[in-house]
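Here's a friendly walk through a structure you may be meeting for the first time. Have a look at the sequence and the 3D view before reading on.

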Amino acid sequence: MADQTPRITVSFYCYFYIEDPKQFRDDWYKKLNSIQVFGRIYVANEGINAQINCPIDNFEILRDFIYSHTEMNGLRLNKAVQEDNHSFYVLDIKLRNKIVADGINDPSFSMDNKGKYVNAHQFNEMVKDNNTLVIDMRNHYEYEVGRFKNAIEIPSDTFREQLPMAAEMFESDKDRNIIMYCTGGIRCEKASAWMLHKGYKNVFHLEGGIINYINQVNANKLDNAFIGKNFVFDERLGERITDDVIANCHVCGAPCDIHVNCANSACHLLFIQCEECKKSLDA
């Protein structure tokens, strides 16, 4: 019988210097494993990036452990918009060169100079201004199923490709207001720093990404500018934000926003497939 322990799914990240990532990883694994935390965590010299779930009864222990690190004291923990207890089943903490692969080799680049945060209310107000550009720093398959109205896609499936593309695409817009966003904030925060590094002037990024935006909208009864589904990198593959289905089945073209992994063991391609095509192809 599957474990029915009520769980809460949270994500967080923090850019700060970790001198010994391996020791940091080992310490975190011991603690999180002891309180039955599942999920995926990346650790590097530049910081930590985590998507995890935790038994609700242990959440305060988890939060206190995170906040016991000076650099993360009071850190925003993004709670999932939708919870179904099935986001993660094991704990995996990996060492990485970067907590988000960016392809940046410029030694003069620094995360110390990054864009200004905007919250949900500020975002809604700024997008009313025609001088504001909204840039989606997620992959195509994320943008395909859900996005902010009038958001501009950087057409690529890797963040490392998107960074130079974004800096080139908006070369003539360096004096306009630019708001960058992603799922939880980690990619758009680095992207905002990169744009400033490349000479852009008025760069902002959505605090806590789409997840925090939707939670703020719901908590404060704000207008919602996001349509469709928010793709998430766990077993759920998406959180339903609005009833709008803005994508199409990659097989037949019918309206659909359900991601599946190809059943072919040599493929495992992530694609959109409707129930009718699933039934016919399984037959």
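What follows is a short tour of two backbone oddities and a handful of charged pairs.

Keep in mind as you browse that this is a predicted model.

**Backbone oddities**

Most residues other than glycine have a negative phi. Against that background, two spots deserve a look. Gln-36 isn't a glycine, yet its phi is positive, at about 60°. You'll find Gln-36 in the loop between α1 (21-34) and β2 (38-44). Is it out in the open? Gln-36 has 46% relative accessibility, so it counts as partly exposed.

The other spot is Asn-150, again a residue other than glycine, with a positive phi near 70°. Asn-150 sits in the loop between β8 (146-148) and β9 (152-153). Its relative accessible area is 75%, so Asn-150 is exposed.

**Charged pairs**

Side chains of opposite charge can pair when their charged atoms come close. In this model the count comes to 14 salt bridges. Here are some of them, with the N to O distance for each.

| Lys or Arg | Asp or Glu | Distance |
|---|---|---|
| Lys-98 | Asp-102 | 2.8 Å |
| Lys-114 | Glu-189 | 2.7 Å |
| Arg-240 | Asp-257 | 3.0 Å |

How buried or exposed are the partners in the Lys-98 and Asp-102 pair? Asp-102 is buried, because its relative accessibility is 4% and buried means under 20%. Lys-98, at 29%, counts as partly exposed. Both residues also belong to a network of salt bridges that links Glu-46, Lys-98, Asp-102 and Lys-190.

Now for Glu-189, which forms a salt bridge with Lys-114. Glu-189 lies in helix α6 (residues 186-197), while Lys-114 is in the loop between β5 (91-95) and β6 (116-118), so the pair ties together parts that are 75 residues apart in sequence. Glu-189 counts as buried, at 2% relative accessibility, and Lys-114 is partly exposed at 34%.

Last up is the salt bridge between Asp-257 and Arg-240. This pair, too, links distant parts of the chain: Arg-240 is in strand β13 and Asp-257 is in the loop between β13 (239-240) and β14 (259-261), 17 residues apart. Asp-257 is buried, with a relative accessible area of 4%. Arg-240 has 28% relative accessibility and counts as partly exposed.

Notes:
Residues are numbered from 1 along each chain as its sequence is written. This is a predicted model: local features need pLDDT of at least 70, side-chain atom pairs count only at pLDDT 80 or more; totals for chains, interfaces and linings use all residues. Side-chain values use heavy atoms; hydrogens and water are left out. Helices (H or I, at least four residues) and strands (E, at least two) are DSSP runs, numbered from the N terminus. Buried means under 20% relative accessible area, exposed over 50%, partly exposed in between (1.4 Å probe, protein chains only). A salt bridge is a side-chain nitrogen of Lys or Arg within 4 Å of a carboxyl oxygen of Asp or Glu.
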